[in-house]
Amino acid sequence: MRKVLPMLVVVLGALSLPMAAAAQEKVFDAGGSAESKVISPGSKVFITPIEGGFDTYLSAALVKKEVPLTVVTIKEKADFEITAIAESEKAGWAKMAFLGSGQSNEQASMKVVNLKTGVVAFAYAANKGSANRGKQSAAESCAKHLKARMEGKE
């Protein structure tokens, strides 16, 4: 019995080593720690191409709203990735005839993911009814709220 117990400890220890190593190699931060959610000024961000060209509007809005991020065109060089969806609903004939408005309704949502940890650092949805400048309005709303989050105002 005395010889079996030390042998059992050695075997269990050897079996647990691969599990401990695998736990240390884990890249993604499933808990979403506070530092994974911080978007520091000067961080590099990659904007994934978005159907309808919303990525261009979003890039322009980040510049216009002076969001302190650097937009890069190579994902591997980025600290964060922005993905988004956007939808436009053109004004119908009734709105144009009775209200005299050709403004569209815009919906957009975006998320900013920390590429090192996989944690969603920021997410926002904009709903712009009767948007004066269409997709530009929705993109500027997203940029404004991202900047506010980075400055600790949201």
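Here is a short walk through part of this structure, which is a predicted model.

Let's start in the loop that links helix α1 (4–25) to strand β1 (44–47), where you'll find Ile39. Is Ile39 buried or exposed? With a relative accessible area of 5%, Ile39 falls under the 20% cut-off, so it counts as buried. Now look at what surrounds it. Even if you skip the neighbours within four places in sequence, Ile39 is in contact with Leu69, Phe80, Val112, Ala121, Phe122, Leu146 and Met150. Take Val112 from that list: Ile39 and Val112 are 73 residues apart in sequence, yet their C-alpha atoms are 9.0 Å apart in space.

Stay in that loop between α1 and β1, because Ser43 is there too. Ser43 has a relative accessibility of 8%, so it is another residue that counts as buried. What does its side chain reach? It goes to the backbone oxygen of Ser40, at a distance of 2.6 Å. Beyond its neighbours within four places in sequence, Ser43 touches Pro68, Leu69, Thr70, Asp79 and Phe80. Leu69 and Phe80 may ring a bell: Ile39 is in contact with them as well.

Next comes the sheet. Strand β1 runs parallel to strand β2 (residues 70–72), and three bridges join them. If you want a spot to look at, find Val45, which stands opposite Val71 in β2. β1 also runs parallel to strand β3 (residues 80–89), again with three bridges. Here, Ile47 has Ile82 in β3 as its bridge partner. While you're looking at strands, keep one general idea in mind: in a regular strand, side chains alternate between the two faces of the sheet.

So what sits with β1 and β2 in a β-α-β unit? The answer is helix α2, and the unit is right-handed.

Helix α2 covers residues 54–64, and its buried residues are Phe54, Asp55, Leu58, Ala61 and Leu62. They might look scattered when you read along the sequence, but they cover an arc of only 120° around the axis, which means they lie on the same side of α2. Turn to the other side of α2 and you'll meet Thr56 and Val63, which are exposed. After α2 comes Glu66, and its phi is positive, near 55°.

To pull this together, the loop before β1 holds two buried residues, Ile39 and Ser43. β1 itself pairs with β2 and with β3, and α2 has buried residues on one side and exposed ones on the other.

Notes. Residues numbered from 1 in each chain as written. Predicted model: local features only at pLDDT ≥ 70, side-chain atom pairs only at ≥ 80, totals over all residues. Heavy atoms only, no water. Helix = DSSP H or I, 4+ residues; strand = E, 2+ residues; numbered from the N terminus. Buried < 20%, exposed > 50% of the residue type's maximum accessible area, 1.4 Å probe, protein only. Contact = heavy atoms within 4.5 Å. Arc of directions from axis to C-beta. Polar contact = N/O pair within 3.5 Å; in protein donor to acceptor, adjacent residues only side chain to side chain. Pairing = 2+ DSSP bridges. Right-handed = clockwise from strand over helix to strand, strands pointing away.
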